[in-house]
Amino acid sequence: MTYLIIRETEYIGIENSFHVVDQTTDIDIADDKLRGYILINTNPKESYTILKHENPLVLTEEMRVA
């Protein structure tokens with residue numbers, strides 16, 4: 001499982017943009033990083049959040065044949 005730190009930038013007249021600014025596999029580290037990004041953020045049009053990303057199931061050759 002991977003935790004992504006996402007920055008959302010709000011615009012007027014166009015859709016918001018989303019950027020992955022960091023990632024980790026440890027939820028505690030992700031929480032700490034999120035708090036850090038929120039603390040240093042000086043732009044009121046930007047916000048940060050955590051997105052939990054589960055790795056997709058990859059079938060091996062043996063499973064595809066069955």
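## Accessibility and the basis of the model

A residue is called buried when its relative accessible area is under 20%, exposed when that area is over 50%, and partly exposed in between. K33, with a relative accessibility of 28%, is therefore counted as partly exposed. The structure described here is a predicted model, and the description follows the residues by the contacts in which their side chains take part.

## Salt bridges

Over the whole structure, a search finds 3 salt bridges. In general terms, side chains of opposite charge can pair when their charged atoms come close.

K33 forms one of these bridges with D22, the nitrogen and oxygen being 3.1 Å apart. This pair joins distant parts of the chain, since K33 belongs to helix α1 (residues 27-40) and D22 to strand β2, with their positions 11 residues apart in the numbering. D22 has a relative accessibility of 21% and therefore counts, like its partner, as partly exposed.

A bridge between E46 and R7 has an N to O distance of 3.9 Å. Here too distant parts of the chain are linked, with E46 in strand β3 (residues 46-53) and R7 in strand β1, 39 residues apart. R7 is partly exposed, because its relative accessibility is 23%.

The side chains of R35 and D32 also meet in a salt bridge, at 3.1 Å from N to O. Both residues lie in helix α1, and because they are 3 residues apart there, about one helical turn separates them. D32 has a relative accessible area of 46%, so this residue is partly exposed.

## The nonpolar core and T24

In soluble globular proteins, nonpolar side chains tend to be buried together. In this model the largest nonpolar core consists of 5 residues, namely Y3, I5, A30, L34 and Y48. Strand β1 and helix α1 each contribute at least two residues to this core. When residues up to four places away in sequence are not counted, the core member A30 touches Y3, I5, T24 and I50.

T24, one of the residues that A30 touches, has its place in strand β2. With a relative accessible area of 13%, T24 is buried. If its neighbours within four places in sequence are left aside, T24 is in contact with M1, T2, Y3, I29 and A30. A polar atom of the T24 side chain also lies 3.3 Å from the backbone nitrogen of D26.

## The aromatic pair

A pair of aromatic rings is described by the distance of the centres and the angle of the planes. The count for this structure comes to 1 aromatic pair. The rings of Y37 and Y48 have centres 5.3 Å apart and planes at 20 degrees, so the pair is stacked, given that planes under 30 degrees apart count as stacked. The pair links distant parts of the chain, with Y37 in helix α1 and Y48 in strand β3, 11 residues apart. Y48, which is also listed in the largest nonpolar core, is buried, with a relative accessible area of 15%.

## An exposed loop residue

I12 is found in the loop between β1 (2-9) and β2 (17-24). Its relative accessibility is 74%, so I12 counts as exposed. The C-alpha atoms of I12 and D32 are separated by 30 Å, although the two residues are 20 residues apart along the chain.

Note on methods:
Residues numbered from 1 in each chain as written. Predicted model: local features only at pLDDT ≥ 70, side-chain atom pairs only at ≥ 80, totals over all residues. Heavy atoms only, no water. Helix = DSSP H or I, 4+ residues; strand = E, 2+ residues; numbered from the N terminus. Buried < 20%, exposed > 50% of the residue type's maximum accessible area, 1.4 Å probe, protein only. Salt bridge = Lys/Arg side-chain N within 4 Å of Asp/Glu carboxyl O. Core = buried A, V, L, I, M, F, W, Y, C linked by side-chain atoms within 4.5 Å. Contact = heavy atoms within 4.5 Å. Polar contact = N/O pair within 3.5 Å; in protein donor to acceptor, adjacent residues only side chain to side chain. Phe/Tyr/Trp six-rings, centres within 6.5 Å; stacked < 30°, edge-to-face > 60°.
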